[in-house]
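Please examine the arrangement of chains shown below before reading on. The account that follows moves from the interfaces to the interior.

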Amino acid sequence: MKYVYYPGCSLGGTAREYGISARAVNDALGLEFQELADWSCCGASSAHMTNLDLALALPVRNLALAEAQGARELVTACASCYQRLAIVAHEVNTHPRARERANQLTGADYKGGVTPRHLLDVLGKDVGVDRVAARVTRPLEGLKVACYYGCLLVRPVKATGFDDPEDPQTMDTLVKAAGAQVVTWPFKTECCGASFSMSRTDVVAGMAAAVLSEAKAAGADCLVTACPMCHSNLDMRQSMAARVARTTFNLPIYYITQLLGLSFGYMPRQLGLNSHFVKALPLLRRLRLV
Amino acid sequence: MTAWLDALRDHVREFLSEPGVDVFIGYRAGRRGREVPAFLTRPEQASGLVLGPAASGALAKYVLEEAAGTTGRLGVLARGCEALSLQRLVRDLRVERERLHVVGVPCAGVADLAKLEASLGALEKVESCGERWLVTAGGNRHDVDPSQFMEERCRDCASPWPQQCNISFGQAVMSPASPDYSTVAALEALPADERYAFWIRQFERCLRCFACRQVCPACSCVECSLDLVDPPWLGREITVPAQAMFHYTRALHVAGRCVDCGQCQKVCPVGIPVALLNRKLARDIQELFDVQNPFVPGEIEPLGKFRAEDREEFM
Amino acid sequence: MSVGEQSWKPTIVAFCCNWCSYAGADLAGTSRLQYPATVRIIRVPCSGRVNPQFIVRAFQRGADGVLVAGCHPGDCHYSTGNYYARRRFLLATRFLEYLGIEPGRLWVRWISGSEGHKFATVIKEMSAALERLGPNVKLREGAL
Amino acid sequence: MKRVGVFLCWCGSNIAATVDVPALAEYAAKLPNVVYVEQNKYTCSEPGQEQIRKAIAEHRLNRVVVAACSPRMHETTFRRTLASASLNPYLLEMANVREHCSWVHQDRAEATAKARALVRRAVAKVQLARPLFQSSIPVNRRALVIGGGIAGIQAALDIADSGHKVVLVEREPTIGGRMAQLDKTFPTLDCSSCILTPKMVDAAQHENIQLWTYSEVEEVGGYVGNFQVKIRRRATSINASACTGCGACWEKCPAKTGNEFDLGLGQRKAIYVPFPQAVPNKPVIDRDLCIYFKTGRCRICQRFCTAGAVEFEQQDVVVEETFGAIVAATGFEQFDHAVYGEYGYGKHPDVITGLHLERLISASGPSDGKVKRPSNGAVPETVVFVQCVGSRDEAKGVSYCSRACCMYTAKHAIMLHEKIPGVSTFVFYIDVRAAGKGYEEFYARAQELGAQYVRGRVARVYQRGDKLVVMGEDTLLGAKVQVEADLVVLATAMTARHDAQSLARTLGISYDQNGFFTEAHPKLRPVETNTAGIFLAGACQGPKDIPDTVAQGTAAAAKVNNLFAKENLLAEPTVATVNEAWCSGCLWCKPTCPYRAIDSKTISQRQVGKILTRQVATVNAGLCQGCGACTVACRTGAMNLLGFSNEQILAEVDAICP
């Protein structure tokens with residue numbers, strides 16, 4: 001299976017381990033990801049708050065590039081990129097004037113023929129749980145995972161729509177396929193406050209604490225996510241959240257591709273499992289998964 | 001000579017001897033090699049019945065005139081297209097099925113007599129002989145390949161074997177699974193303007209002689225709306241748009257009821273491809289309304305019924 | 001393009017069923033929705049009353065476009081009239097196209113009594129589409 | 001000689017501001033056969049109408065065109081004007097230059113040009129108008145009421161009390177409907193059963209009412225005054241006249257399932273009465289559940305029935321009856337709030353709906369009136385009510401307000417405070433709508449008793465240990481709030497019956513985008529439908545509470561009585577008619593007629609000295625509603641529609657084009 005792939009900025013930076021683990025998983029599953037040539041920032045997390053033209057033009061530039069390269073879909077692993085691309089794709093497809101404006105701004109001639117997709121959607125639908133399960137060589141037995149989708153991945157339904165916005169399941173089925181145990185918990189799609197990650201760390205600490213507390217209360221010993229924002233917030237801000245909640249969490253935050261990669265038999269280093277703030281390996285060692 | 005013709009004559013002779021029988025409609029030999037409609041009322045006339053490639057008319061519609069004001073039974077000879085035409089008249093309640101005695105015969109296509117005459121000279125006789133035709137013309141006998149001289153409408157005949165007959169003679173022939181719409185598709189492939197120009201070229205020749213209507217088994221109205229002065233459906237003025245209106249109306253009036261006998265096109269003195277209009281509508285009816293064969297009269301005509309889940313294009 | 005051509009506005013003859021589409025047009029009026037003065041409505045009891053011959057008649061007499069509007073399927077005041085209309089016009093739209101009339105000349109739309117907005121939108125869209133097509137000369141008396 | 005008068009209305013400035021009426025008058029005067037033109041400020045006013053009457057007399061007008069508003073507005077008015085001037089009312093034609101012209105266009109020149117075309121059309125059509133006369137149809141004074149809830153019961157009683165026969169058809173084994181499920185009613189807190197049960201008994205015992213429970217309407221034909229209705233009376237498997245209602249059968253029946261009446265909170269048997277006060281109080285056998293019907297063995301109920309009333313061999317019976325009028329009172333359903341996964345309905349047993357709570361509070365309910373948590377039977381200490389679950393939510397539910405929820409939630413809060421001392425209740429709401437007599441006071445009382453109203457939506461309900469955590473937002477404080485609750489009660493929207501559309505099609509009435517039946521006019525004809533003789537009562541027309549439902553039931557009955565006050569109805573004369581000379585008798589018109597108004601008849605014709613008999617189509621003018629579908633099926637045009645004739649429409653097309 002071949003896809004045109006939009007990496008986004010995070011996957012080369014703060015979420016480098018997401019980027020490399022995604023490559024590893026794709027290789028293992030025989031997915032061919034061709035990087036979108038000349039891609040640029042999608043404007044995520046700030047553009048739509050500050051400049052509507054920019055918020056429109058940046059994603060359309062990338063969509064138009066994909067369209068010009070003959071792609072009908074554009075796959076991204078970052079939940080934030082995905083959401084921006086999907087919202088704008090929806091917007092220009094439902095409002096001809098928005099498309100005109102975007103084309104005018106970018107000088108492109110985007111016709112609306114590209115559907116942005118998230119990697120999770122591709123893994124869940126195109127590859128399918130059965131094929132993922134078949135590739136597992138080291139089942140993640142004993143790992144109790146809280147699947148955390150965050151607020152961006154499945155909302156708004158009009159634009160995204162690949163999973164239930166209140167109780168999404170894609171990641172759950174994949175984690176189960178990898179042999180881990182999924183806990184039932186209510187905060188799958190709660191916000192972690194990522195947009196305030198830099199500006200209002202006090203707010204973020206409180207919100208992250210709520211998410212982490214619920215995961216812990218539900219019996220999880222780690223969280224899994226498919227969003228670089230969620231990851232950095234829950235991982236990097238975890239100690240601060242623990243102080244706010246006057247507790248210790250000690251909950252490693254994994255990317256879905258890291259867990260899948262691990263179950264496929266990759267070494268921790270090949271998946272960037274050594275680069276987390278909350279140490280990612282001790283738990284795995286304890287369960288004899290590495 | 002066709003093998004079953006004697007048996008047919010015997011049957012008709014017997015039929016005409018039965019009480020309450022008014023007439024048998026078949027073909028007899030005419031002048032110049034033609035075979036023309038015959039209206040037999042006495043048993044002894046049966047020996048004069050003929051049926052060969054030169055019988056290029058259509059008998060079904062004569063039933064209407066014969067049935068009007070009488071109550072007796074009517075026999076009629078029917079090839080595939082004529083049998084469908086009779087079904088049409090029955091479905092349109094123009095004649096009761098019980099009054100008809102339909103005698104089915106096979107048909108492998110009739111001769112384009114004008115074309116034969118043009119290439120072989122004055123016709124004297126046209127007979128079928130196995131797969132070939134024996135034509136006597138200009139004093140000579142010719143062995144002719146039927147495919148060269150067959151009427152156009154017979155070439156892609158979808159109903160070579162008559163259905164729903166009281167009795168039939170000869171060997172049954174398989175019908176093709178679906179009518180052939182290739183001529184329609186070819187025209188559809190043209191750009192709109194060219195198609196328009198094509199039809200205008202056809203319609204401007206129209207003499208409004210109404211021969212297409214007169215011969216049509218689906219045009220059996222007591223009074224034709226196109227003859228009426230009031231309401232002025234058509235108007236009296238002879239303009240190309242009015243001619244177009246005529247053909248549009250005629251085609252829509254037979255839409256869903258046309259049996260594709262092809263007579264309309266055959267009788268047109270100026271060669272307008274009238275059947276090409278009928279076939280377009282039939283093709284669309286077949287596709288849009290899931291009608292298996294739109295040329296076979298059904299219980300209710302496709303435009304007289306609907307399904308709630310019919311195709312929706314008008315939201 | 002001359003000035004005269006630029007100011008040309010199409011003429012639309014609309015057959016509206018009394019119960020839904022005519023009421024929809026009335027609602028557009030009571031809601032003061034603005035749409036081009038291109039449309040002229042002929043009231044019929046039901047879209048099932050519209051004879052396809054009326055359509056060609058309108059083209060003959062100089063209409064640039066014809067709209068047939070009725071209740072949504074399932075909502076016919078007479079319960080089934082629009083279903084017959086739907087069959088007739090599925091056929092007639094294709095047939096007119098076959099005769100070489102541009103597909104955008106005849107529109108059929110279901111417009112309910114509560115869809116004043118839809119009525120106005122259909123007229124706006126249809127007017128714009130006809131302006132792109134230009135005046136109709138096909139089948140028009142005097143143009144041939 | 002046609003003498004047409006044209007009356008142009010200014011409608012104050014409604015028309016005149018956009019259309020140049022004087023110019024239009026000048027233009028109209030030149031149209032064929034127009035002999036008189038007049039402008040009025042308000043043609044529909046009494047002086048305006050008087051002018052028409054005067055002009056008809058003075059100028060010997062025999063055709064009238066009024067260019068004014070929509071004929072849907074004033075055609076009847078002006079027809080009456082013509083009639084009062086001794087001119088046949090159908091010699092009128094209106095040009096709609098207001099709704100279709102002055103109100104929707106701004107450019108004066110364009111609007112005036114269009115108005116000219118519209119007047120031209122009307123003048124052309126009116127020339128071909130013929131005097132038409134109403135025909136009369138006898139009225140069968142017997143009514144069918146579909147649905148035995150409070151709306152249907154009320155309508156049936158009111159019709160029956162006026163001396164007319166009524167058949168009340170109910171799908172369930174008992175009448176009573178939703179109201180029977182309720183414990184108390186707002187704002188008076190009357191016991192629902194206490195006020196409903198006597199009415200149910202009245203309906204059952206009324207000499208003019210036939211009660212057909214466990215029955216459904218299958219087919220409706222005919223027309224006002226003469227509906228032919230096929231009703232399926234499902235086999236109850238019980239001989240109703242033999243059964244004493246003793247209850248031995250259901251005591252002994254071994255097959256159990258959740259009781260629908262208690263929304264599954266309690267149990268019922270295969271042979272059952274839905275609730276103790278059911279009317280008729282005779283059981284039915286649920287054949288899908290009954291062991292005998294599934295396996296051929298059991299018959300325990302039959303063995304224990306001393307009256308010998310159990311009849312397994314009963315079959316459904318389809319009866320055909322004639323009615324003069326029909327009242328649809330089929331009620332509503334609860335919104336399927338499964339789409340609100342975040343509220344955890346179905347996942348957490350302690351998340352219930354308002355109707356569940358009614359059954360829990362009800363003394364005759366599965367818990368004998370004790371409010372208990374379904375999960376563990378404990379008495380709840382904290383209860384959260386969530387309003388607008390489905391209502392006012394275009395994204396996931398319906399766009400409308402369900403009207404009754406605010407008040408029944410206040411009622412629930414009041415009742416909980418009365419039943420459970422020290423309970424805390426929270427009500428999450430968008431707005432509180434308490435428009436009704438005594439409603440605002442009722443809402444205030446709920447607050448006084450301690451119900452805490454929180455303005456905001458609930459985002460999530462989840463289980464934490466034994467408790468339900470309700471996360472929401474208080475928009476007045478601008479803060480997130482969390483409540484640990486024992487019970488969460490969802491005020492689910494009232495929606496149309498899932499099969500309402502199919503009943504609408506059977507009845508030939510229309511329904512809105514939400515599936516509620518559409519009234520003929522939202523303000524002025526609220527219980528009539530666009531199909532004459534069919535009326536609406538209760539929540540099948542839209543969400544409403546009990547007082548409104550009862551009022552509508554009575555209103556529908558008044559309309560039926562109104563109809564039944566006449567021996568004959570006058571039918572619109574704009575019907576199809578056959579020109580027998582042109583008709584070929586093919587009868588292809590017949591299948592297109594939804595009213596079965598077309599039949600064939602034999603005519604004799606003299607032709608060339610012979611008498612010919614032949615078949616032609618004929619229209620029953622009483623049955624025909626004038627849709628005209630047949631006219632298009634007729635190729636000759638022998639079938640024509642009076643008032644919308646082929647001649648007229650062709651003339652209109654000719655006149656309206658440039």
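The paragraphs below treat two interfaces, a helix, a loop residue and the nonpolar cores in turn.

The model is predicted, and its local features are described only where pLDDT is at least 70. The contact between chain C and chain D is a convenient starting point. It involves 48 residues of chain C and 49 residues of chain D. The interface size is reported here in a common form, since the size of an interface is often given as the accessible area lost when the parts come together. Between chain C and chain D about 4,200 Å² is buried, and carbon and sulfur atoms contribute 56% of that area. Three arginines stand out on the chain C side: C:Arg40, C:Arg43 and C:Arg49 provide 17% of the area that chain C buries against chain D, more than any other three residues.

Polar interactions also cross this interface. Five salt bridges are counted between chain C and chain D. A salt bridge links the side chains of C:Arg57 and D:Asp654, with an N to O distance of 2.8 Å. In addition, 20 residue pairs, with both members at pLDDT 80 or more, are in polar contact between chain C and chain D. On the side of chain C that touches chain D, two or more residues come from each of strand 1 (12-17), helix 2 (21-30), strand 2 (39-44), helix 3 (52-60) and helix 4 (81-98) of chain C. Helix 2 of chain C gives the largest share, seven residues. Sorted by class, this side of chain C comprises 26 nonpolar, twelve polar and ten charged residues.

Chain D also meets chain B. Here 18 residues of chain D are in contact with 23 residues of chain B. Chain D and chain B bury about 1,800 Å² between them, with 64% of it on carbon and sulfur atoms. Of the area that chain D buries against chain B, 39% is supplied by D:Trp582, D:Trp588 and D:Arg635, more than by any other three residues. One salt bridge is counted between chain D and chain B. D:Arg635 forms a salt bridge with B:Glu301, in which the closest N and O atoms are 3.1 Å apart. Seven residue pairs, both members at pLDDT 80 or more, are in polar contact between these two chains. Strand 33 (610-619) and helix 17 (646-656) of chain D each give at least two residues to the side of chain D that touches chain B. That side has nine nonpolar, five polar and four charged residues.

Within chain D, helix 11 (residues 354-361) is mostly covered, with eight of its eight residues buried. The buried residues include the charged-side-chain positions D:Glu358 and D:Arg359, together with D:Leu355, D:Leu357, D:Leu360 and D:Ile361. Which elements cover helix 11 of chain D? Its cover includes strand 8 (184-185), strand 19 (332-334), strand 20 (351-353), strand 21 (382-389), helix 12 (405-419) and strand 27 (487-492) of chain D.

Chain B has twelve helices and eight strands, and 54% of its 315 residues count as buried. Among contacts in chain B with a separation of 6 or more, 66% are between residues 24 or more positions apart. B:Arg208 offers a local example. B:Arg208 is placed in the loop between helix 8 (192-203) and helix 9 (211-215) of chain B. Is B:Arg208 buried or exposed? B:Arg208 counts as buried because its relative accessibility is 12%, and the limit for buried is under 20%. Beyond residues up to four places away in sequence, B:Arg208 touches B:Leu234, B:Gly235, B:Arg236, B:Glu237, B:Ile238, B:Ala242, B:Gln243 and B:Phe246. B:Phe246 is 38 residues from B:Arg208 in sequence, yet their C-alpha atoms are 8.3 Å apart. A polar atom of the B:Arg208 side chain lies 2.9 Å from the backbone oxygen of B:Glu237, and the side chains of B:Arg208 and B:Gln243 are joined by a polar contact of 3.0 Å.

The nonpolar cores complete the picture. The largest contains 119 residues, of which B:Tyr248, C:Phe15, C:Ile55, C:Phe89 and D:Val119 touch the most other members. Apart from neighbours within four places in sequence, C:Ile55 is in contact with B:Tyr248, C:Phe15, C:Val50, C:Val66, C:Val68, C:Phe89, C:Leu96 and C:Leu106. A second, separate core has 108 residues, among them A:Val114, A:Val127, A:Phe187 and A:Cys227.

Conventions
Residues numbered from 1 in each chain as written. Chains lettered and ligands numbered in written order. Heavy atoms only, no water. Core = buried A, V, L, I, M, F, W, Y, C linked by side-chain atoms within 4.5 Å. Buried < 20%, exposed > 50% of the residue type's maximum accessible area, 1.4 Å probe, protein only. Contact = heavy atoms within 4.5 Å. Buried area = accessible area lost by both parts, 1.4 Å probe. Salt bridge = Lys/Arg side-chain N within 4 Å of Asp/Glu carboxyl O. Polar contact = N/O pair within 3.5 Å; in protein donor to acceptor, adjacent residues only side chain to side chain. Helix = DSSP H or I, 4+ residues; strand = E, 2+ residues; numbered from the N terminus.
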